[in-house]
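Reader: I would like a close look at a single part of this model, the interior. Please take it piece by piece.

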Amino acid sequence: MAKKKVKSEIVNQTKLADDIFSMTIKNKEMADEAVPGQFLALYTADPSKLLPRPISICDVNKQKGTIRMVYRVAGGGTKEFSELKSGDMIDVMGPLGNGYEINAEEPILMGGGIGIPPMLYLAKTLSEKGVAKGNINVILGFRDKTFLVDDFKKYATVHIATDLGTVGFKGNVIDLVKEENIKGDMIFACGPTPMLKGVKKFAFLEDVPAQISLEEKMACGIGACLACVCKTAETDEHFHTNTRRVCKDGPVFYAEEVEL
């Protein structure tokens, strides 16, 4: 079914850290459909900004019909979003993209920077599907200041790495996993491309499957414009090229499917 832009009410919005905001919207239909790894396309009220901003789903409350997003202010569009208040309306389309395949008993979740928020809904879903808290290892990579850590602790064992060593382990998420000898049967990851390259290499060396969510600049968000293609190992059946659309075919891929 084709997605359409709809108005949704903002339930609340809070500032979590420097330029990091948490926004919750109410949309029962979207909440019922959403799965971990998907994203929403948010539209600004500025007519000069035609393209939506893709923001990952951080959490979902299907009973209340709400979806939470945690995002970084990176330009005029997200700056506008950060100034919205409870009760305001916003145009939203989604949920978009695919999601993670929930197929692990000892999952390792790796999130870096603004790739951390979608890991929360994944951790929650794994917990709801019966994976024990002690079997879910979440590795969070920050530059210096942390956010969402207490939320993750409800569902998983949390490990923190910071570039500057201000909190937890000094280094990146791969270094932390090696240092603490964390093992699992599936890696789930979301973060900047250099981190995902490291995850792919680590997964190959450890012979562990990995699902990675790619971060790409998007335009339409529905696979029509081909602005967010990535290189793939196999030829795409639709376009007959070694490319896939991150917004439509992704953003989640198995690591061996894509070239980083």
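**A close look at the interior**

Author: Start with Cys58. Cys58 counts as buried, because its relative accessibility is 0%, and the cut-off for buried is under 20%. The model is a predicted one. Cys190 passes the cut-off as well: its relative accessible area is 3%, so Cys190 is buried. Disulfides number zero here.

Now follow Cys58 to a neighbour. Cys58 is one of the residues in contact with Leu148. Setting aside residues within four places of Leu148 in sequence, the other partners are Leu16, Arg68, Val70, Ile116, Pro117 and Leu120. That list mixes nonpolar names with Arg68.

Leu148 leads on to the largest nonpolar core. This core holds 30 residues. Leu148 is among those with the most contacts inside it, along with Leu109, Val138 and Phe152. Which elements each supply at least two residues of this core? They are α3 (117–128), β9 (137–142), α4 (149–152), β12 (186–190) and β16 (252–254). Of these contributions, that of α3 is the most, at five residues. Another core lies apart from this one. That second core has 23 residues, including Ile108, Ile139, Val177 and Ala203. In soluble globular proteins, nonpolar side chains tend to be buried together.

Stay with α3. The helix has twelve residues. From first C-alpha to last, α3 reaches 18 Å. That is close to the 16 Å expected at 1.5 Å a residue. Is α3 mostly covered or mostly open? Mostly covered: ten of its twelve residues are buried. At the start of the helix, the buried residues are Pro117, Pro118, Met119 and Leu120. Tyr121, Leu122 and Ala123 are buried too. Lys124, Thr125 and Leu126 complete the buried set. Two of these names have come up before: Pro117 and Leu120 are both in contact with Leu148. Just after α3 comes Gly130, with a positive phi of about 100°.

Last, the setting. The protein has six helices and 16 strands. Of its 260 residues, 51% count as buried. Take the contacts between residues at least 6 apart in sequence: 62% of them join residues at least 24 apart. The accessible surface comes to about 12,600 Å², and carbon and sulfur atoms account for 49% of that surface.

Note on methods. Residues are numbered from 1 along each chain as its sequence is written. This is a predicted model: local features need pLDDT of at least 70, side-chain atom pairs count only at pLDDT 80 or more; totals for chains, interfaces and linings use all residues. Side-chain values use heavy atoms; hydrogens and water are left out. A nonpolar core is a set of buried Ala, Val, Leu, Ile, Met, Phe, Trp, Tyr and Cys residues joined through side-chain atoms within 4.5 Å. Buried means under 20% relative accessible area, exposed over 50%, partly exposed in between (1.4 Å probe, protein chains only). Helices (H or I, at least four residues) and strands (E, at least two) are DSSP runs, numbered from the N terminus. Contact means heavy atoms within 4.5 Å. The expected span of a helix is 1.5 Å times one less than its number of residues. Accessible areas come from the Shrake-Rupley method with a 1.4 Å probe; for residues, only the protein chains shown count as cover. A disulfide is a pair of cysteine sulfur atoms within 2.5 Å.
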